[in-house]
Amino acid sequence: MLWRRHDLYSIRLYNSFFMKRIPTDVFGEWAESGRDEKMAKGHEPAVNHMLDLAIGDQKQFSFIDAGCGNGWVVRQAAKYPECVNAFGVDGAKQMVDKARRLDAANSYVCADLSQWKPNSAVDVVHSMEVIYYLDDPAAFLHNIYFSWLKPGGLLIVGLDFYEENKVSHSWPHDCDISIMRLMSEKTWVKMFKQAGFKNVTSLRFGAKKDWAGTLILKGIK
Ligand SMILES: C[S@@+](CC[C@H](N)C(=O)[O-])C[C@H]1O[C@@H](n2cnc3c(N)ncnc32)[C@H](O)[C@@H]1O
């Protein structure tokens, strides 16, 4: 049977949209195979810098890691003597199961970040390599602003997948993931401001040849 040109085009379109997998399914498997630990090692230098920026001036603080994976950043934050409460949220059940196995002292919940709200607002929300996986990152930022943070609270976000980091553009294809929103630094900054955040800053951590660095965005409620 001969395929017409528009049939082939439709098949390619179908594959690119429907055969890809949702992020939490992919990362659930990473938790099972141990790839989560390799990912954590890769993120660690940028996250250490983010924690310095976010926690440096805090007295006592409560903390949520949004998209916490196996919970390694929750455990890092909880080591600060000023930390009164550290909490992790992730949509991949295997990630949350692993976090709970590794750490009985802090709390973890398995939930979709787009829907979930904490029972009480916190001082610091951290998120590394997560929010571009959401259907509507702008709505999520609004949600954090209004329902997750105390007045004066701080949001800090790290992103490796963004417009200026050209090497990251192939990741949706390489990792076979359905939702990955590619946006520029300027667009992310604008989105933070539109959500209501004040003193919004952005910087790129660890830039080197062919790597634009981790884009770190910070804003205050
Ligand atoms: C690239 S991993 C980063 C994990 C962790 N922040 C780290 O640095 O190791 C992205 C994480 O976001 C979670 N995630 C993606 N979309 C989500 C959603 N809609 N709700 C909750 N978690 C989500 C995935 O399950 C995964 O653990």
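Which residues of helix 6 (residues 137-148) are buried? In this predicted model, they turn out to be Pro137, Phe140, Leu141, Ile144 and Trp148. Looking down the axis of helix 6, these buried residues fall within an arc of 100°, so they line one face of the helix. Flip to the other side of helix 6 and there are Ala139 and Ser147, both exposed. As for what the buried residues of helix 6 pack against, the partners are strand 1 (61-66), strand 4 (122-128), strand 5 and helix 8 (185-194).

Next comes the nonpolar core. In soluble globular proteins, nonpolar side chains tend to be buried together. Here, the largest nonpolar core counts 54 residues, and Phe63, Ile64, Val124, Val125 and Leu155 have the most contacts inside it. Strand 5 (residues 149-159) supplies the largest share of this core, with 6 residues. Take Ile64 as an example: leaving aside residues up to four places away in sequence, Ile64 touches Phe87, Val89, Pro118, Val122, Val125 and Trp148. Trp148 is also one of the buried residues of helix 6.

A helix pair rounds things off. Helix 2 (residues 23-33) packs with helix 5 (residues 93-102) at an angle of about 40°, and their axes are 7 Å apart. The two helices, 2 and 5, are therefore oblique to each other. On the helix 2 side, the residues that meet helix 5 are Phe27, Gly28, Ala31 and Glu32; their counterparts in helix 5 are Lys93, Gln94, Met95 and Lys98. Sorted by class, this contact of helix 2 with helix 5 has 3 nonpolar, 2 polar and 3 charged residues.

How values were computed:
Residues numbered from 1 in each chain as written. Predicted model: local features only at pLDDT ≥ 70, side-chain atom pairs only at ≥ 80, totals over all residues. Core = buried A, V, L, I, M, F, W, Y, C linked by C-beta atoms within 7 Å. Buried ≥ 20, exposed ≤ 12 C-beta atoms within 10 Å, placed from the backbone. Helix = DSSP H or I, 4+ residues; strand = E, 2+ residues; numbered from the N terminus. Contact = placed C-beta atoms within 7 Å. Axes fitted to C-alpha atoms, helices over the stretch in contact; angles between N-to-C directions. Parallel < 35°, antiparallel > 145°, perpendicular 65-115°, else oblique. Nonpolar A, V, L, I, M, F, W, Y, C, P; charged D, E, K, R; others polar. Arc of directions from axis to C-beta.
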